[in-house]
Amino acid sequence: MAYVGAIDQGTTSTRFAIVDHDGNFVAMAQKEHEQLMPQPGWVEHDAAEIWANTEEVIGSALARAGIAASDLVAVGLTNQRETTVVWDAAGGEPLAPAIVWQDTRTAELCRQLGGEKGPDRFRAKTGLPLATYFAGPKLRWLLDNVPGLRSRADAGEVRFGTMDSWVMWNLVGDHVTDVTNASRTMLMDLSTLDWDDEILAEFQIPRSLLPRIVPSVGLIGRGRGVLADVPVAGILGDQQAAMFGQACFNPGDAKNTYGTGCFLLLNTGTQAIASTKGLLTTVAYQIATGKPRYALEGSVAIAGSGVQWLRDQMKIIDDASEVETLANSVADNGDVYFVPAFSGLFAPYWRADARGVIAGLTRFSESGHLARAVLEAVAYQSRDVLEAMEADAGVEMKELKVDGGMVVNDLLMQFQADILDVDVVRPMVIETTVLGAAYAAGLATGFWSGIDELREHWAEGRRYTPAMEQERRADLYASWQKAVDKSLGWVD
C-alpha cells in the first residue's frame, strides 16, 4: 500500500505525518523545540535543533506505521512562516539563532525603512505593511548586527531562508522556497512572483543570499538520509497549507486556524486584492504550470501561545488542556479582558508599540476569569479580522471553517460563533495544516487526481451556532475595544 508523508515544521514543534489515499492519518510523531527569549521582545529558535528533530520524527513515524521510506509516494512540507535563518553556504551550519516571526527587534528598523512614506511604502508590490512580522527586515537586522555576516554575504558565502528553505537545504540539498513563503518576506513582487531588485536595494540585501522560488505544488527534488530517494513535491506556508487541507479552493472560501497564533484567510482567486483595512495580500498557493491563487489574510500573533503563557509563565495551569475546565469554573468573564499584545498587535491594527494588558480586575476576579479572558481574546481578535476582511472583499460570511489545535475547545468555539454571529464549522480532521502539505505532494505526483478529489475528502465534524443575544454581543465587543485602546502606545 502507498502513502504520502508530510513534514509540519511549526513554531513550537516539528512533526511528521503519514497519510493514506483516503486522507486518513496512519501515523504521526511530534517533538517540541526550545523557545529562546534572550531579552524582552526577542524570540529565537535553534535551527540545528529543529533539523535534528525533523529527522527524528520522520524516523519515529515510519517506525510507528511499520513502513519504509520507500513506501512513500511523495513528501510535502509545511512550515512556520517568516522565521528567518542564515547559514553557511559550504558547510550548512546556522550562522545565528533563527529569528522567529513573533520577534519585535526590528521595530525601529521598520520605521527607518518606511521613511516619509510610512509602513505602506512597499505594500503595492508586496501586499504587506512594514512590520516586525516579516522576514525581510529580520534578514537586514542579521546582516547589520551579526559580526562578519555582511562581508561574508557580499562574498556569496551565506544563504538565507525561511524555515522551508532550511529544511529543504538539508533534505534535498537545494536552495528553494515556494511562492507562499516568498510572499511573506517583503522581498517578492506579488505580480511577477520574483524577488524585486528595487526592494532588495532598499533593504541592502544581496540577491545571492536568496533561494529560488518554485510553485507550491510540484516536484522539487528527492530526499536524502532518512527519506532517501523519496520525491519531495510540495511546500506551503502553514496557513496556506491549512487552507489547502480545508479544501478552500474557490474564491470566497475562508478558514481560520487556531494555533500558536490565529490566521484567517479568504481565497480571492487569481486576483490579488489590495487591503485598505489592515489585512495582508498574500499568495494562497500555486500549482506548477498554473496561475497563482491569492488570499486576504488577517494575522493574530497570540492565540494558543496565550494558553502556554498561562501554563509556563503564570503557572495557573499544568497542562494546556486544563484551560477549558478552569474557564468553565466561572459563569462569564467577570468583566475581565486580556489583550495579548506580547509582540505588539498584528491585523488589523499593526501596532508594534502595544503591549499586553489585563483590564477590568476587581477583588471578585479569580483565575477562572483570567483563563476565560485568554480564550475570549482569541475570538475577539478573530472578529477584528473578520470585520476588516468583509469590508475589504465586499462579502458577508455566513459560516467560518476552523482548524488547528485550539478548535477542540468547545467553550472557545461556541464563544467564537456567538461573538461573530455566524456558524463556526469544525471539520472531521482538524489537523488540516499537515494534511494540506500531504495533499500538495500527493497532487503533484498523481497520488490524487485533482482538487475535486481532495474536496471530496472534507467532512463536517461539528457546527457551532450563535446563541448570544445581540445586546450582550455588542456590550462585550465594546469592552474589548476599550481594552485594546489601553494596550496601545505602551512602548515609546
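1. In this predicted model, Gly 173 takes a positive phi of about 75° at the position just after helix H6. The helix that precedes Gly 173 spans residues 163-172 and is mostly covered, with 10 of its 10 residues counted as buried. Among these buried residues of H6 are the two tryptophans Trp 166 and Trp 169, together with Asp 164, Ser 165 and Asn 170; the list also includes Met 163, Val 167, Met 168, Leu 171 and Val 172.

2. Positive phi values also occur in residues other than glycine, and two of them deserve a look. Lys 315 has a phi near 60°, and its place is in the loop between helix H10 (304-312) and helix H11 (323-327). The relative accessible area of Lys 315 is 61%, and the residue is therefore classed as exposed, the cut-off being over 50%. Trp 350, which is likewise not a glycine, has a positive phi of about 50°, but at 17% relative accessibility Trp 350 counts as buried, because the value falls under 20%.

3. The loop that holds Trp 350 runs between strands E19 and E20, and it merits a second check at its proline. Pro 348 lies in this loop, between E19 (337-339) and E20 (357-359), and the peptide bond that joins Ala 347 to Pro 348 is cis, with omega at about -5°.

4. Turning to the aromatic side chains, the count comes to 23 aromatic pairs in the model. One of them is formed by Phe 244 and Phe 249, whose rings meet edge-to-face, at 5.1 Å centre to centre and with 80° between the planes. That angle is over 60°, and the pair is therefore called edge-to-face rather than tilted. Both partners are covered: Phe 244 is buried with a relative accessible area of 1%, and Phe 249 is buried with 5%.

5. A stacked arrangement is found for Phe 346 and Trp 350, with 5.3 Å from centre to centre and 20° between the planes; the label follows because planes under 30° apart count as stacked. Phe 346 is buried, at a relative accessible area of 4%, and Trp 350, at 17%, is buried as well. These two residues belong to a cluster linked by ring pairs, whose members are Trp 101, Tyr 133, Phe 134, Phe 263, Phe 346 and Trp 350.

6. Two arginines are placed over aromatic faces. Arg 105 lies over the face of Trp 141, at 4.6 Å from the ring centre, while Arg 383 lies over the face of Tyr 477, at 3.7 Å from the ring centre.

7. The last point concerns the packing of helix H9 (residues 238-245) against helix H14 (residues 432-444), where the axes are 7 Å apart and the angle is about 75°. Because angles of 65 to 115 degrees count as roughly perpendicular, H9 and H14 are described in that way. On the H9 side the contact is made by Asp 238, Ala 241, Ala 242, Phe 244 and Gly 245, and on the H14 side the contributors include Thr 432, Thr 433, Leu 435, Gly 436, Tyr 439 and Leu 443. Taken by residue class, the contact of H9 with H14 divides into eight nonpolar, four polar and one charged residue. Phe 244, which takes part in this helix contact, is also a partner in the edge-to-face pair with Phe 249.

Definitions and conventions. Residues numbered from 1 in each chain as written. Predicted model: local features only at pLDDT ≥ 70, side-chain atom pairs only at ≥ 80, totals over all residues. Heavy atoms only, no water. Phe/Tyr/Trp six-rings, centres within 6.5 Å; stacked < 30°, edge-to-face > 60°. Buried < 20%, exposed > 50% of the residue type's maximum accessible area, 1.4 Å probe, protein only. Lys NZ or Arg CZ within 6 Å of the ring centre and 35° of its normal. Axes fitted to C-alpha atoms, helices over the stretch in contact; angles between N-to-C directions. Helix = DSSP H or I, 4+ residues; strand = E, 2+ residues; numbered from the N terminus. Parallel < 35°, antiparallel > 145°, perpendicular 65-115°, else oblique. Contact = heavy atoms within 4.5 Å. Nonpolar A, V, L, I, M, F, W, Y, C, P; charged D, E, K, R; others polar.
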